[in-house]
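Hi everyone, thanks for coming along. Let me put a structure up on the screen, and then we can walk through it together.

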Amino acid sequence: MSERKILFPTDFSHTGDAALELATSLARERGGKLLIVHVEEPPAAYGAGEMYYGMPDPVTDDLRKMLDQVTPTDPQIPCERRLITGDPATAIARLAADEGVDLIVMGTHGRTGLMRLLMGSVAEAVVRRAPCPVLTLRQPGEAAASPTPMQPGEA
């Protein structure tokens with residue numbers, strides 16, 4: 001039987017805290033390992049389509065340090081860390097396929113309404129593209145979206 005791999009994507013926000021705890025627990029129960037990943041979005045294109053790269057970006061070193069700080073809640077769980085570049089949802093799904101990941105466990109931001117429409121949902125896009133099951137978790141205590149009351153005449 002192959003080693004079980006659980007991929008935990010992080011954006012370094014607290015929305016993933018509960019997901020990391022669950023991913024660690026699942027890795028412990030299944031005798032697997034965690035693959036902790038952060039996706040850095042590529043440099044922005046300017047008006048004429050040229051890319052700005054400038055000098056080697058010290059931000060990447062900062063991201064590497066931040067990624068190294070993300071640790072399983074059980075220090076006995078083996079883990080690997082990856083810092084990759086690309087569209088987050090696409091890069092996460094591709095990494096899962098390339099690494100033969102069994103499960104992706106990730107937190108959600110819980111955006112609704114206009115914010116979700118404008119910003120999209122990385123978690124939702126990962127669910128659509130991933131080659132394996134995806135477990136999404138909202139941070140405990142995060143309020144569920146309340147429905148907007150309908151106005152007279154709306155149906």
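I'll start with the overall layout and then turn to the salt bridges.

One thing to keep in mind is that this is a predicted model. The chain has 155 residues, and 34% of them count as buried. If you trace the chain, you'll find five helices and five strands. Starting at the N terminus, the order is β-α-β-α-β-α-β-α-α-β.

Now, how do the parts of the chain meet? Take the contacts between residues at least 6 apart in sequence: 76% of these join residues at least 24 apart. As for the outside, the accessible surface is about 9,800 Å², and carbon and sulfur atoms account for 54% of that.

On to the charged side chains. Side chains of opposite charge can pair when their charged atoms come close. How many salt bridges does the chain have? The count comes to seven, and I'd like to show you three of them.

Please find R28 and D74. They form a salt bridge, with the closest N and O atoms 2.9 Å apart. R28 sits in helix α1, residues 17-30, while D74 is in the loop between α2 and β3, so this pair ties together parts that are 46 residues apart in sequence. Are the two partners buried or exposed? R28 is partly exposed, at 44% relative accessibility. D74 has a relative accessible area of 14% and is buried, because the cut-off for buried is under 20%.

Next, look at E80 and K33. Here the closest N and O atoms are 2.4 Å apart. E80 belongs to strand β3 and K33 to strand β2, so the salt bridge ties together parts 47 residues apart in sequence. Again we have a mixed pair: E80 is partly exposed at 24%, whereas K33 is buried at 14%.

My third example is E99 with R82, where the closest N and O atoms are 3.0 Å apart. E99 lies in helix α3, residues 88-99, and R82 lies in strand β3, so a helix and a strand are tied together across 17 residues of sequence. E99 is partly exposed, with a relative accessible area of 22%, and R82 is partly exposed with 22% as well.

Let me finish by joining some of these up. Which residues are linked in a network of salt bridges? They are K5, K33, E80, R82 and E99. Try picking them out on the screen, and just shout if you get lost!

Conventions
Residues numbered from 1 in each chain as written. Predicted model: local features only at pLDDT ≥ 70, side-chain atom pairs only at ≥ 80, totals over all residues. Heavy atoms only, no water. Helix = DSSP H or I, 4+ residues; strand = E, 2+ residues; numbered from the N terminus. Buried < 20%, exposed > 50% of the residue type's maximum accessible area, 1.4 Å probe, protein only. Contact = heavy atoms within 4.5 Å. Areas by Shrake-Rupley, 256 points an atom, 1.4 Å probe, with all protein chains shown as cover. Salt bridge = Lys/Arg side-chain N within 4 Å of Asp/Glu carboxyl O.
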